Amino acid sequence: QVQLVESGGGLVQAGGSLRLSCAASGRTFSRYIMNWFRQAPGKEREFVASISMSGVNTYYVDSVKGRFTISRDNALNTMYLQMNNLEPEDTGVYYCAARSPGTTLFASWGQGTQVAVSS
């Protein structure tokens, strides 16, 4: 089972940028579909983006399309989320999660990294 650790969160003004990283342990990172989720204060956790095992296919929630870019480096066992033109509504704890293809259950979750966007 892969273990995940997020980093890169922080406080930024609206319109600014952050780059989140999700580092995975183990040798099986490339076998997982990787995902970013976020949870805003008082709200349920929501899907943000996902990336296929090869990195060719990506998916985004409508609210971040054109502003966020998900990517991965299987040689480094790391996934990234480049967040540009941040909005206060992007504030929350961001989590990465790993899912095996053909399943709906997530094998592993990170501990989360806090993103705060001031207006």
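Two strands are said to pair when DSSP finds at least two bridges between them. In this predicted model, strand E3 (residues 18-24) and strand E8 (residues 78-83) meet that criterion in the antiparallel sense, with 6 bridges between them, and one point of reference along this pairing is Leu18, which stands opposite Met83 in E8.

These two strands belong to an open sheet of 4 strands, whose order is E1-E3-E8-E7 and whose pairing is antiparallel. The edges of the sheet are formed by strand E1 (4-7) and strand E7 (68-73), each of which pairs on one side only. When direction is ignored, neighbouring strands of this sheet are turned against each other by 15° on average. On the E1 side, E1 and E3 are joined by 4 bridges, again in the antiparallel sense, and the bridge partner of Val5 in E3 is Ala23. Strand E3 is largely enclosed by the rest of the structure, because 5 of its 7 residues are buried.

A second set of pairings centres on strand E11 (residues 113-118). Strand E2 (residues 10-13) runs parallel to E11 and is joined to it by 4 bridges, with Ser118 of E11 serving as the bridge partner of Gln13. Strand E9 (residues 92-99), by contrast, pairs with E11 in the antiparallel sense over 3 bridges, and here Val93 has Gln114 of E11 as its bridge partner. The side chains of E11 alternate along the strand: Thr113, Val115 and Val117 point to one face and are buried, whereas Gln114, Ala116 and Ser118 point to the other face and are not buried.

From the strands we can turn to the charged side chains. The structure holds 5 salt bridges, and several of the residues concerned can be followed from Arg38 outward. The side chains of Arg38 and Glu46 meet in a salt bridge with an N to O distance of 2.6 Å. The two partners differ in their surroundings, since Arg38 has 5% relative accessibility and counts as buried, while Glu46, with a relative accessible area of 32%, is partly exposed.

Arg38 also meets Asp90 in a salt bridge, at 2.9 Å from N to O. Because Asp90 lies in the loop between E8 and E9 and Arg38 in strand E4 (residues 33-39), this pair ties together parts that are 52 residues apart in sequence. Asp90 itself counts as buried, at 1% relative accessibility. A further salt bridge connects Asp90 with Arg67, their closest N and O atoms being 2.7 Å apart. This pair, too, links distant parts of the chain, as Arg67 lies in the loop between strand E6 (58-60) and E7, 23 residues from Asp90 in the loop between E8 and E9. Arg67 is buried, with a relative accessible area of 9%. Through salt bridges that share partners, Arg38, Glu46, Arg67, Glu87 and Asp90 are joined into one network.

Two members of this network, Arg38 and Glu46, reappear in the lining of the largest pocket. That pocket contains about 160 Å³ of space, and its lining consists of Arg38, Gln39, Ala40, Pro41, Lys43, Glu44, Glu46, Pro88, Glu89 and Thr91. By residue class, the lining divides into 5 charged, 3 nonpolar and 2 polar residues.

Notes. Residues are numbered from 1 along each chain as its sequence is written. This is a predicted model: local features need pLDDT of at least 70, side-chain atom pairs count only at pLDDT 80 or more; totals for chains, interfaces and linings use all residues. Side-chain values use heavy atoms; hydrogens and water are left out. On a 1 Å grid over the protein atoms alone, a cavity is a set of points where a 1.4 Å probe fits but cannot get out, and a pocket is an open set with protein on both sides within 12 Å along at least five of seven lines; lining residues have an atom within 4 Å of a point. Grid points are joined across faces, edges and corners, and a volume is the space filled by probe spheres set on the points. Ala, Val, Leu, Ile, Met, Phe, Trp, Tyr, Cys and Pro count as nonpolar, Asp, Glu, Lys and Arg as charged, and the others, Gly among them, as polar. Buried means under 20% relative accessible area, exposed over 50%, partly exposed in between (1.4 Å probe, protein chains only). Axes are lines fitted to C-alpha atoms, for helices over the stretch in contact, and angles run from 0 to 180 degrees between N-to-C directions. A salt bridge is a side-chain nitrogen of Lys or Arg within 4 Å of a carboxyl oxygen of Asp or Glu.
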